[in-house]
Amino acid sequence: DASPDDVFACADFIVGTATGIVLHVAAPQFSAARETATSVLIEGQDESVRCVATHPSAAIVALSGHSGLLQLFDCATHQLIRSRVLESARVECLTFDPFGQILALGCASGAVPMYSA
């Protein structure tokens, strides 16, 4: 059982929403004050954001969903870096390789396309 003295700590994180928005959630969100500490990081998906991946060493986030729209954003400037529509691809997950050079997608069809990041 948790006592009132127990502290829940976590790092800042990002989350995709059903309305196509990506939010930045600050760690103080989980303080005793329970104040909302979220900000809109990216707006741009035409459907729900199903997957989000962060670059291992740069301020870049990749996002996609069942619409097949794949986007890379610069988190510092909130600018779109690259966008691609993957015809009839329901993207279920995506990740950067450890060096940030390749972006791999996992699709509902079982396909795993890879792109230069």
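Phe 13 has Val 25 in strand E2 as its bridge partner. This pair is a useful place to enter the structure, which is a predicted model. The two strands involved are E1, covering residues 13-16, and E2, covering residues 21-25. E1 and E2 run antiparallel and are joined by four bridges. Strands of a sheet pair through backbone hydrogen bonds, and the pairing can be either parallel or antiparallel.

E1 and E2 make a hairpin with four residues between the strands. Among the residues of this hairpin, Gly 20 takes a positive phi near 85 degrees. Thr 17 lies in the loop between E1 and E2. Which residues does Thr 17 touch, leaving aside those up to four places away in sequence? The residues are Leu 23, Ser 48 and Val 49. Val 49 is 32 residues from Thr 17 in sequence, yet the two C-alpha atoms are 5.6 Å apart in space.

Leu 23 leads on to the next strand. The bridge partner of Leu 23 in E3 is Val 40. Strand E3 consists of residues 38-43, and E2 pairs with E3 in the antiparallel sense over five bridges. E2 is thus joined to E1 by four bridges and to E3 by five. In a regular strand, side chains alternate between the two faces of the sheet.

Further along the chain there is an open sheet of three strands in the order E8-E9-E10, with antiparallel pairing. Strand E8 (91-96) and strand E10 (114-116) stand at the edges of this sheet. Each of these edge strands has a single partner strand, so one side of each is left without a neighbour in the sheet. On average, neighbouring strands here are turned by 20 degrees against each other, direction ignored. Strand E9 spans residues 102-107, and three bridges join E9 to E10. Within this pairing, Ala 104 stands opposite Met 114 in E10.

The view can now widen to the protein chain as a whole. How many helices and strands does the chain contain? There are zero helices and ten strands, so that the elements from the N terminus on read β-β-β-β-β-β-β-β-β-β. The chain has 117 residues, and 32% of them count as buried. Among contacts between residues at least 6 apart in sequence, 31% join residues at least 24 apart. The accessible surface of the chain comes to about 7,100 Å², and carbon and sulfur atoms account for 54% of that surface.

Notes
Residues numbered from 1 in each chain as written. Predicted model: local features only at pLDDT ≥ 70, side-chain atom pairs only at ≥ 80, totals over all residues. Heavy atoms only, no water. Contact = heavy atoms within 4.5 Å. Buried < 20%, exposed > 50% of the residue type's maximum accessible area, 1.4 Å probe, protein only. Areas by Shrake-Rupley, 256 points an atom, 1.4 Å probe, with all protein chains shown as cover. Pairing = 2+ DSSP bridges. Axes fitted to C-alpha atoms, helices over the stretch in contact; angles between N-to-C directions.
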